[in-house]
Amino acid sequence: MKSGDLTGLAELFPADRFRTDSAAQAAFESDGLLAYTARPRGVVFPETADEVVSAVRWCYEHHVPVVARGSGTGLSGGAMPHRDGIVIALNRLNRILHVDPVERTATVQCGVVNLAVSQAARPHGLYFAPDPSSQSVCTIGGNIAFNSGGAHCLKYGMTAGHTLAMDVVLGDGTVTSIGGSSLEHAGPDTTGFFCGNEGMLGITLQATLRLLPLPEVFHTVLVGYDDIRAAGNAVGAIIAANLLPGAMEIMDAMSIRAAEAAVACGYPKNANSVLIVELEGSAERVAMEKKILAEVIASTQPSAVEIAANDAERLAIWKGRKSVFSAAGRLSPDFLVQDGVVPRRRLGEALERIEAMSRECGVPVANVFHAGDGNLHPLIMYDGKIPGAFDKANEFAHAILRLCIEMGGSITGEHGVGVEKRSVFAEMFDEPTIDLMHRVRAEMDPHEICNRGKMFPDAESPALSTSGLHPLEKAGVIFRE
């Protein structure tokens, strides 16, 4: 049931920072998962932490659902609004408050862009390790909410491992500080607990992040293979050789084609898959490891091996990989990005089975993923103008998740559950575990105003549009042709 009017909330903000018009509603109706939409009743644009807290407290008192949003790059519908609620847009809280080169930390507001942290730290020879593909636009608050990773999470881990302290406002309006500035602190891992909560416990206002020294050298290798299973098996061989690269990424033929069309990255011609391996660290260590890597790669029968000779060639290799999600639009008018995880030893098997499933159901798929930790990102393609096409693609997406569970993996590595994976959530977790999650949430947000309708299979569902044309296409505002 819709709560009372928003007059009291409007009084907390200047008119230009409290919007209820259709343009504002349309701009915030989805995150990067465009197939799921809901228009909020209003959008507020706080400029200070105190304004965020005031908005949350008012919404808690009046039982108005709240969705916190940064740049909206999420791919699970986690930042999709609730039809009876508001969006708190956090991009204006974008100040880097302090960089401490001695302690190797940066304290930043939640709306700071991921890449901006590394840019601020670079003069001190430091950087922020988590690097999602959207790092040039995604925000730290969203990285914390979904425990984002990126290409280099194999060696350095996810956002939780680089977040030392946070100031947060919980769903009931309580403001608290968790964690501490030290790398080692006594007591429970409260920051690790809060990271990955998908915005259902509260909102991060600011965070103290761990910075790492910039690697002295990089050694980036692009390896072509005749089939996707060979590329997947090569990952296991590299790990078995006791190497821990900074990153290992795989792209299949369709992903390569999209990247080439978008950024002309110059990947090996006629390769059906490519493996990107990047060693990084001290010059002495990398010199030793690259010899081992060369021997391992030679044993995997590659069709091509290209080594980046300089920074420009290295960046060209990574530009191709990081362009894939956006470049997929050149191959299909619509696509879903899945996010399952399988054990590394079963990567090759998983990829073959996904390709077989694609042929069987007639839905094209492009595979690109963080190979080192088995995090699959199949891009499932469809045309939303064709009736039933989304439903068919969505069934395929959920079949991939069930395959991941069957293989001993997970339904999500870094994109979160959001609304997209709710239907398979109970297949991953048993009833006592889900009940525990509900009870933890109730302690921090008794009215369940924060990101209501997400994650849990029995959650109250917002108004979802999950098939056919995007609402702006229906209105004649945007066109595909």
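**Exercises on a predicted model**

Glutamine 301 is exposed, with 68% relative accessible area (exposed is over 50%, buried is under 20%, partly exposed is in between, with a 1.4 Å probe and protein chains only). Before you start: this is a predicted model, where local features need pLDDT of at least 70, side-chain atom pairs count only at pLDDT 80 or more, and totals for chains, interfaces and linings use all residues. Residues are numbered from 1 along each chain as its sequence is written, and side-chain values use heavy atoms, with hydrogens and water left out.

**Exercise 1.** Place glutamine 301 and look at its phi.

Step 1: Glutamine 301 sits in the loop between α10 (283-299) and β15 (304-307); helices (H or I, at least four residues) and strands (E, at least two) are DSSP runs, numbered from the N terminus.
Step 2: Its phi is positive, about 55°, although glutamine 301 is not a glycine.
Step 3: Most residues other than glycine have a negative phi.

**Exercise 2.** Do the same for asparagine 147.

Step 1: Find asparagine 147 in the loop between α5 (140-146) and α6 (153-156).
Step 2: Asparagine 147 isn't a glycine, yet has a positive phi of about 50°.

**Exercise 3.** Is histidine 398 buried or exposed, and what is it in contact with?

Step 1: Go to helix α14 (residues 389-406), where histidine 398 lies.
Step 2: Histidine 398 counts as buried because its relative accessibility is 9%.
Step 3: Skip its neighbours within four places in sequence; histidine 398 is then in contact (heavy atoms within 4.5 Å) with Gln338, Glu420, Ser423 and Val424.
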